[in-house]
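The following exercises concern chain-level geometry and the packing of one helix. Please work through each task before reading its solution.

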Amino acid sequence: MQVNIPLKKTIDNSYDITIDSLPKLHFDKKVAIITNTTVSDLHLDYLKERITAKELIVVTLPDGEQYKNQESINKILNALFENRFNRKSLLIAFGGGVIGDMTGFAASIYQRGIDFIQIPTTLLSQVDASVGGKTGMNNEYGKNLVGAFHQPKAVYIDPYFLKTLPLREFGAGFAEIVKMAVTFNKDFFEFLQDADMRDEQTLIEAITRAVKTKAEVVAKDEKEHGIRAALNYGHTFGHVIENETKYEKYLHGEAVAIGMVMANELACSMGLISNDEAVAVKFLLEKYSLPVDYEIKDIQKFYDAFFLDKKSSDSKITFIIPKGIGDVVISDECSKELLISVLEKFGV
Ligand code: NAD
Ligand code: MG
């Protein structure tokens, strides 16, 4: 299936997202493939059969979120300087969201900005991280606190890579797909309820619909002044869970899955969704072995941790609250009493 999604008009840097087997690509310029050890071992040969360039180098970074840092960015930049890359050169991000974010960030600052393309290899990066132009790295103050908006020139999503993806990583990506369906598209949610992702056509359809949803949202609000924030559904709670469990127990998508269940509890309390709808979301997450329960040991501490979220302005916390399935309310007006009563449902 070939699907092109041009982010035209609202974004100057419009680009196509192709969901298909990777075509043969030739670039009449210097190209650097940025990848990590895992993806390189599994898939670099496949990529190299399809990419030719005037000059091609490969920068292989260690694998892991802990390497999404300044040191890795410097490694990328140094390789570009050593190989005399210029402003016409191109970077290719080949890996999951960690590689995608860092490659995009390096591209955004190398000689004040060069082109890059995304070839995402995890489900999460195919449906979420590779689309929308957020790039960045972590530092000792937190995750993704340094970065830039820098749109790729193109995104090539090849489901072939997912064959080697561990099941847990697949589930984490699926959680972000559920996020997009619940917040923006009831029909998509109903499709997911019946879908068997082991079937390749179904998987492609799900990826396509998720990417379309994200692309539409980003086209409306590239820099997250409004509706793009809805993509943080489940994330306000999820970030606290990730912090409490020191980023060790849950993958990001798993924490988001629990976060969505918590956000739904909030929505139920506000009369925005029915209990049946909340149960349907939970059921879908469980189908992919995602966690949906969490024991909050210290409710006040959990509440206080909301205010450490970089996406909250000083004293207000923004919650993304589903309104039925397929619609959403963005609110920073939830009272402390209401939030505490929701958190108590998860208390020990
Ligand atoms: P990841 O990049 O760490 O990949 C997960 C694991 O899967 C890694 O060990 C990776 O080496 C491995 N892997 C990658 N492709 C594989 C394949 N085909 N087969 C087997 N293993 C493979 O994590 P992720 O979940 O892809 O992305 C998470 C990152 O993305 C976070 O850093 C997050 O901040 C970022 N992110 C960014 C955006 C954005 O809009 N820019 C959105 C969501 C997430
Ligand atoms: Mg996320």
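Two exercises with worked solutions follow. The model is predicted: local features need pLDDT of at least 70, side-chain atom pairs count only at pLDDT 80 or more, and totals for chains, interfaces and linings use all residues. Residues are numbered from 1 along each chain as its sequence is written, while chains are lettered from A and ligands numbered from 1 in the order in which they are written.

**Exercise 1.** Determine how the radius of gyration of the protein chain relates to the globule rule.

*Solution.*
1. The protein chain holds 12 helices and 10 strands (DSSP runs: H or I of at least four residues, E of at least two, numbered from the N terminus).
2. Its radius of gyration is 20 Å, close to the 20 Å from the globule rule for 348 residues, so the chain is as compact as a globular protein of that length. The radius is taken over C-alpha atoms, and the rule is 2.2 Å times the number of residues to the power 0.38.
3. Along the principal axes, the C-alpha atoms fill a box of roughly 60 × 40 × 40 Å.

**Exercise 2.** Establish whether the span of helix H7 agrees with expectation, and identify what its buried residues pack against.

*Solution.*
1. The expected span is 1.5 Å times one less than the number of residues.
2. For the 21 residues of H7 (residues 200-220) this gives 30 Å, and the end C-alpha atoms are 30 Å apart, which agrees.
3. The buried residues (20 or more other C-beta atoms within 10 Å of their own, with C-beta atoms placed from the backbone) include Ala206, Ile207, Ala210 and Val217.
4. These buried residues of H7 pack against strands S1 (16-19) and S8 (154-157) and helices H4 (123-129), H5 (167-184) and H6 (186-194).

Definitions and conventions:
A residue is buried if 20 or more other C-beta atoms lie within 10 Å of its own, exposed if 12 or fewer, and partly exposed in between; C-beta atoms are placed from the backbone. Two residues are in contact if their C-beta atoms, placed from the backbone, lie within 7 Å.
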